[in-house]
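Reader: I'd like to get to know this protein from the side of its charged pairs and the strands that hold them. Please take me through that part slowly, and tell me your cut-offs as you go.

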Amino acid sequence: MKRIVAVCALTALVAACGNGPRDAEDETDGGTPTTPTDPTDPLAVPEAIAGDLGAISFNSTTNTLTVSGLSQDGVPIVNEYTRVPTSFVDGYETFTGQNDPLGRHATAFVASRDGVQAGVVMTGPQFNTFFGGTFYERTGTYAPPTAPESRFDVTYYGNYAAGLNTAGPVTDLLPTTGLDPSVDTPSQTAYVRGLMFINVDLNDLSVEGQIYDRLATTAGGTTDLPNIVLVDGTLTGEGTFSGNLEQDESDPDFPTSDASDIGDFAGVIGGPSGEFVAGGTRITDFTDSFEGEIEHGVFVLDLCVEGNTDPICVNALQP
C-alpha cells in the first residue's frame, strides 16, 4: 500500500516540516507517461493516477458511492460513503467516509455521464501520512467524437476537482471525547477546485489543455494556485489518452520560466458519440505556497457543440 507523507503549509503555524512528501511505492521520475496498473487492459488507470485507490462505484440515480483500496477502508469489503448535501466543488458530488472517531476521514469527488464515470478520493492527515488516488472508467465501445465541419479537432470543457495532501476545513468529523490532547486524531483533507478544457486533435491524435482558476481550500483558508497545462498527450485507438503536466508559463499571477514536468494526466473518451471525457491527474511541487505538495485530481468534461454558451466553447467553435 502506498503512502503519502503530509504536506507542510508555509505558515507561522508550522514549526518544522522534515523532508517533504514521498510516494513510498511509486518513485517515478515523471518524465514519461506512467505504466498502466494492468498492462493487458487498454482501459486500465495508470498507476500514478490510481495511487492507492482500487476502484469506485458511483450510482448517480441513488447517489451512492462505494470505494475500495484505501488504507483501513474495509478491504476486501467495499466501503460505502455518505453524500454531502452541498457539494464542495461545482459539477461533482461530494462524499465522505469515516469508520470511527479515531479512524481516517476520507473525502471523494465523483461525476458521471452517459458511458463514463470518474472520482478522486483523499484521506485527511493522520499519523504523518495521506492516502489518495483517482479512478475512471468507460462502459461500451469507443466512438470517436465528430469534429465541426472543415475541422479536425474538438474541445471538451468543465469543472476540475482534487484532493490536496494538507488539512482542510472541518465539516463532518466524528466527535471525540475525553482524549489526551497528544492523541493524533483525524483531520479532513484540503481540496482544490478549478476549470478545465482539453483539445483533442483527431488528425495527429494529440491531446493538450489547461487547468485554470485553481483555488485550494485548506484549514487556514483559501489559496490561489498556478494554472497547469497538459502537454505531450497522445490519444490511442481505444479512446484512451495520457501525457504530462507542466506549470503554465503564460500565467500572469505565477510567472515562471521553468516548464519542467510536474505530473501526469490520463483519461478516456466515452459516450455514445464521444461526447464526454473522464480522467485524472497527479501533480507535485507546483507552488511556493506549500512544501512537498501532492494533488490527486479528477475531471469529467463535456464536448463543445453548437449552442454552448460557455466562452471556452464559443471560442473553440469559431472557424
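**Salt bridges and the strands around them**

Author: Let's begin with E93, which counts as partly exposed at 23% relative accessibility (buried means under 20% relative accessible area, exposed over 50%, and partly exposed in between, with a 1.4 Å probe and protein chains only). Before going further, please keep in mind that this is a predicted model, in which local features need pLDDT of at least 70 and side-chain atom pairs count only at pLDDT 80 or more, while totals for chains, interfaces and linings use all residues. Residues are numbered from 1 along each chain as its sequence is written, and side-chain values use heavy atoms, with hydrogens and water left out.

The partner of E93 is R83, itself partly exposed with a relative accessible area of 35%. The two form a salt bridge in which the closest N and O atoms are 2.8 Å apart (a salt bridge is a side-chain nitrogen of Lys or Arg within 4 Å of a carboxyl oxygen of Asp or Glu). Because E93 sits in strand β6 (residues 93–98) and R83 in strand β5 (residues 79–83), this pair ties together parts that are ten residues apart in sequence. Helices (H or I, at least four residues) and strands (E, at least two) are DSSP runs, numbered from the N terminus. As a general point, side chains of opposite charge can pair when their charged atoms come close.

The protein holds four salt bridges by this rule. Another of them joins D302 to R113, with the closest N and O atoms 2.7 Å apart. That pair links distant parts of the chain, since D302 belongs to strand β20 (residues 294–303) and R113 to strand β7 (residues 105–113), 189 residues apart. D302 is partly exposed, at 21% relative accessible area, and R113 is partly exposed too, at 28%.

Strand β20 also takes part in a salt bridge between the side chains of R214 and E295, at 2.8 Å from N to O. Here again distant parts of the chain are linked: R214 is in strand β13 and E295 in strand β20, 81 residues apart. Both R214 and E295 are buried.

From R214 we can follow β13 to its neighbours. Ten bridges join β13 to β12, and the two run antiparallel (two strands pair if DSSP finds at least two bridges between them). One bridge matches D201 with S206 in β13. On its other pairing, β12 meets strand β11 (residues 153–167) in the antiparallel sense over 13 bridges, where G158 has M196 of β12 as its bridge partner. β12 is mostly covered, with ten of its 13 residues buried. In general, the side chains of a regular strand alternate between the two faces of the sheet.

The turn between β12 and β13 deserves a look of its own. Four residues lie between the strands of this hairpin, and L205 takes a positive phi near 60°. D204 is found in the same loop, between β12 (189–201) and β13 (206–218), and is partly exposed with a relative accessible area of 49%. The side chain of D204 makes a polar contact with the side chain of S206 at 2.8 Å (a pair of N or O atoms within 3.5 Å; within protein, one must be able to donate a hydrogen and the other to accept it, and residues adjacent in sequence count only if both atoms are side-chain atoms). D204 and D153 are 51 residues apart along the chain, and their C-alpha atoms are separated by 9.5 Å.

For a buried residue elsewhere, turn to Q247, in strand β16 (residues 240–247). Q247 counts as buried at 15% relative accessibility, and its side chain reaches the backbone oxygen of F254 at 3.4 Å. Beyond its neighbours within four places in sequence, Q247 touches residues including P226, I228, T256 and F286 (contact means heavy atoms within 4.5 Å).

Finally, the whole protein for context. It has two helices and 20 strands, and 52% of its 319 residues count as buried. Among contacts between residues at least 6 apart in sequence, 58% join residues at least 24 apart.
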